[in-house]
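Me: Could you take a close look at one part of this model for me, the lining of its biggest enclosed space, and then work outward from there? Informal is fine, but keep the numbers in.

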Amino acid sequence: MARIEMNGIGKAYGRVEVLRDVDLVVNDGEFVVLVGPSGCGKSTLLRMIAGLEPITLGTLSIGGRLMNEVPPRDRDIAMVFQSYALYPHMTVARNMGFPMEIARRSKSERAGPVARAAEVLGLQSLLERYPRALSGGQRQRVAMGRAIVREPAAFLFDEPLSNLDAALRVEMRLEIARLHRRIGATTVYVTHDQVEAMTLADRIVVMNGGRIQQIGTPMELYERPANRFVAGFIGSPTMNMVEGTPVPGGLRLADGTVWPAPAGATTMGIRPESLSLTPSALPGLAAELQVVERLGSDTNLYCETRGNGVLLARVQGNLDLGAGARVTLWPDPARLHAFDAKGERCG
């Protein structure tokens, strides 16, 4: 296993700059997830770690060894792509052992690592099958097994679950989490799905526009987002944002309600689960129900407020209310997030 360190990493295609000032350390055995919208640079950064993209600026080291000019085959990393990239004419066992076959290791030498990887991934009964006889989830496990048998210093995952349906995505998230617990490998994982990030990561790196916005544990990012972008990206459903006018000691909302806020705040963020129909210490917002989503364990309420737009409240259980009902939304005073005019966190 190995520590991955990036200092001042930048990437440009001619005059087009896609990454800038990236400083990141992935500790030995850590699972770090890169998240962000399409085009934010997360996959490009992963490919630079793998050696598939040259580094324009800065330095990259793996296990204390400078990697800027080292070719991919000599970096001691294994990469799992969005596409399974399995050889259709090879069995599962041969697909998994193919990296060792290329390295001219004998069939007997390959058998042990393949068997161990198959046991970790629950593929023992499928070793003689061909890819065409496998489900999507099984094919992705074979692709992961092919990476495991190399026993690399680090694993890189580039949106490996994007081609799977919702049920398989949940199943494979569990597989990857179990795999990391058993192997303890240094892992960098790219996804645009913040649910994957929240459930898999030791730390999350949120990216936007080629820059790192915030690095932290899932709950650090959830509870103390550094800016409006992170606040809106992390969490599902997304955080409500309410604009206002600064007044002494608070922020005056469009309906005249004043919520406490630090100096410089122009926007208050409140997560759906922090809005309720139960009175709190702060003034509530009068609203009319537009849409009610009944999810069984929870109910999502889309509420049209006076001057503050549509806000989403999530309450526990099934609520016997329908569209058109008049309600008052009460915020949890301890769960308000204040942001200034530039979108940065206040206080």
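Reply: One definition before we start: helices (H or I, at least four residues) and strands (E, at least two) are DSSP runs, numbered from the N terminus. Bear in mind that this is a predicted model. With that in hand, the UniProt annotation, from an unreviewed entry, reads "domain: ABC transporter" and covers residues 4–234. That span is 37% helix and 26% strand, and its end C-alpha atoms sit 25 Å apart.

Now for the part you asked about. How many cavities of 30 Å³ or more turn up in a search of the whole structure? The search finds one. The largest cavity holds about 50 Å³ of space. Around that space you'll find Phe31, Phe155, Phe157, Ile176, Leu179, His180, Ile183, Ala185 and Thr187. Two elements give two or more residues to this lining, namely strand E7 (154–158) and helix H5 (166–183). H5 has the largest share, with four residues. As for chemistry, the lining splits into seven nonpolar residues and two polar ones, with no charged residue.

Since H5 does so much of the lining work, let's look at that helix by itself. H5 runs for 18 residues and reaches 26 Å from its first C-alpha to its last, close to the 26 Å expected at 1.5 Å a residue. Which of its residues are buried? They are Leu168, Arg169, Met172, Arg173, Glu175, Ile176, Leu179 and His180. These buried residues are on the same side of H5 because they cover an arc of only 165° around the axis. The general rule behind such a pattern is that an α-helix has 3.6 residues a turn, so residues three or four places apart point the same way. Ala167, Arg181 and Arg182, by contrast, are exposed on the other side of H5. To tie this back to the cavity, Ile176, Leu179 and His180 belong to its lining and also appear among the buried residues of H5.

Moving from enclosed space to open pockets, the largest pocket has a volume of about 340 Å³. There are 17 residues in its lining, and Ile77, Ala78, Met79, Phe81 and Arg150 are the closest to its centre. Strand E6 (77–80) and helix H4 (136–148) are the elements that give two or more residues here. E6 contributes the most, with four residues. By class, the lining has 13 nonpolar residues, one polar and three charged.

The second largest pocket comes in at about 240 Å³. Thr91, Ala93, Arg94, Glu101, Lys107, Arg110, Ala111, Val114, Ala115, Leu127 and Glu128 line it. At least two of those residues come from each of helix H2 (92–102) and helix H3 (107–121), and H3 gives the most, with five. Here the lining divides into five nonpolar, one polar and five charged residues.

While we're at H2 and H3, there's a backbone detail in the loop between them, where arginine 104 lies. Its phi is near 65°, a positive value in a residue other than glycine. For context, most residues other than glycine have a negative phi, and most peptide bonds are trans. Is arginine 104 buried or exposed? Arginine 104 is exposed, with a relative accessible area of 77%. Aspartate 21 also has a positive phi, near 55°, and its place is in strand E2 (residues 16–26). Aspartate 21 counts as partly exposed, at a relative accessible area of 47%.

The peptide bonds have something to flag too. Serine 236 and proline 237 are joined by a cis peptide bond, with omega about -5°. Proline 237 sits in the loop between helix H8 (228–233) and strand E11 (240–247).

One last contact between distant parts of the sequence, in case you want it for your notes. Valine 195, in helix H6 (residues 194–200), is partly exposed, with a relative accessible area of 32%. Its C-alpha is separated by 8.4 Å from that of isoleucine 234, 39 residues apart along the chain.

Methods: Residues numbered from 1 in each chain as written. Predicted model: local features only at pLDDT ≥ 70, side-chain atom pairs only at ≥ 80, totals over all residues. Heavy atoms only, no water. 1 Å grid on protein atoms, 1.4 Å probe; cavity = no way out; pocket = protein on both sides within 12 Å on 5 of 7 lines; lining within 4 Å. Points joined across faces, edges and corners; volume = space filled by probe spheres on them. Nonpolar A, V, L, I, M, F, W, Y, C, P; charged D, E, K, R; others polar. UniProt positions renumbered as here; feature names shortened; annotations may be inferred. Expected span 1.5 Å × (residues − 1). Buried < 20%, exposed > 50% of the residue type's maximum accessible area, 1.4 Å probe, protein only. Arc of directions from axis to C-beta.
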